[in-house]
Amino acid sequence: MIRPMLATDVPDVLALLTWMDDAPEREVFSPDARDPRELQTECEDNLCLVDVDDEGVLAYCALSPFRDGLVLEGPVSDGGHVQALLGRALAHTDGLPVYAFAAQENLPVRAALEGAGFAALHTTDFYSAPLDRLTPHACAPAGHRIARRLPIAAYRELFKSSEDAWAGRLTWTPEQFDGHFARDDVRLVALLRGDQPVGFAELEFCPEDARADVTYLAVHPAERAQGYGLKLLALAAAEAETHPEIRTLRVRAHDHMKPARALYARAGFTHCRSIVTYMRDGDEDV
């Protein structure tokens, strides 16, 4: 039976999420919470659905706001009716586009998404390397200096010149910008020649996984092919190394980003996972 998630379903949904975590090929976009209270809080403002039988929750999915539309959490299923669960969720999209993210190896969920009208946009590959492979080169080139903050205008200029996938950041207010970089788990490492930024690496720390993610690497187009990418990765690793619990650095590249992939290979990163991004247009029939 498919119905809205209840507070009494929280333990079963947590168990289902933990089951998903145990195997990379089951991965889909899902709630961050792995604590009952946090999960219940996350679900309060979203449409959360479950497929249940007499023994408990078999499958879960949810819809929450994302970019210009909605994002699908899940579906996570251990014997549930995935196609029916998706259909029920998609009946509540109000004409908005819906995004979904699934591991490349998660063939059952990918087939269900495509059967529900989702189209694959791109694949994002993730690469990792131990910090000590990168840090020996962690120093500023001659004539440059390292900064850990940038004025919002300089950040926007580099961001806009280098990346179009996260354009929402270009509309951040100064308060949002300051709030983001005031977070304990976020760091910025920038290289400047004189007063001119040539590039930056932005990090988020995941101590529970002994990992730091380079969520964004920017080198101004006029400054490329001069080794700045390698230098920024080394500086990012050195910044991550200031946290004793962090052991590895992870980076990402979409399938069309051939220069980024070549850079990561030169730096000594190895492939660790692939995620397929899907989208379903808001005018699709359910």
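This tour proceeds through one helix, an enclosed cavity, an open pocket and a group of cysteines. The structure in the viewer is a predicted model.

**First stop: helix H6**

Please select residues 152-162, which form helix H6. Within this helix, colour Ala-154, Tyr-155, Leu-158 and Phe-159, its buried residues. Viewed down the axis of H6, these buried residues fall within an arc of 130°, so they line one face of the helix. An α-helix has 3.6 residues a turn, so residues three or four places apart point the same way.

Next, turn to the face of H6 directed away from its buried side, where the exposed residues Ala-153 and Lys-160 are found. To see what covers the buried residues, add helix H7 (174-181) and the strands S8 (186-193), S9 (196-206) and S10 (211-219), which are included in that cover.

**Second stop: the cavity beside H6**

How many cavities of 30 Å³ or more does a search of the whole structure find? The search finds one. The largest cavity holds about 40 Å³ of space. To locate this cavity, select its lining: Ala-154, Glu-157, Leu-158, Gln-196, Pro-197 and His-220. Helix H6 gives the largest share of this lining, three residues, and both H6 and S9 supply at least two residues each. By class, the lining has three nonpolar, two polar and one charged residues. Ala-154 and Leu-158 thus appear a second time on the tour, as buried residues of H6 and as part of the cavity lining.

**Third stop: the second largest pocket**

Select Leu-217, Arg-224, Pro-259, Ala-260 and Leu-263; among the 27 residues that line the second largest pocket, these lie nearest its centre. About 640 Å³ of space lies in this pocket. Show also strand S10, helix H8 (228-240), strand S11 (248-254) and helix H9 (258-267), each of which contributes at least two lining residues. The lining comprises 14 nonpolar, seven polar and six charged residues.

**Last stop: the cysteines**

A disulfide is a covalent bond between the sulfur atoms of two cysteines. How many disulfides does a search of the whole structure find? The search finds zero. Select Cys-48, which is in no disulfide; the nearest cysteine sulfur, that of Cys-43, is 3.3 Å away. A pair of sulfur atoms counts as a disulfide within 2.5 Å. Cys-48 is buried, with a relative accessible area of 6%.

Finally, select Cys-61, which is likewise in no disulfide; the nearest cysteine sulfur, that of Cys-48, is 8.6 Å away. Cys-61 is buried, with a relative accessible area of 0%.

Definitions and conventions: Residues numbered from 1 in each chain as written. Predicted model: local features only at pLDDT ≥ 70, side-chain atom pairs only at ≥ 80, totals over all residues. Heavy atoms only, no water. Buried < 20%, exposed > 50% of the residue type's maximum accessible area, 1.4 Å probe, protein only. Helix = DSSP H or I, 4+ residues; strand = E, 2+ residues; numbered from the N terminus. Arc of directions from axis to C-beta. Contact = heavy atoms within 4.5 Å. 1 Å grid on protein atoms, 1.4 Å probe; cavity = no way out; pocket = protein on both sides within 12 Å on 5 of 7 lines; lining within 4 Å. Points joined across faces, edges and corners; volume = space filled by probe spheres on them. Nonpolar A, V, L, I, M, F, W, Y, C, P; charged D, E, K, R; others polar.
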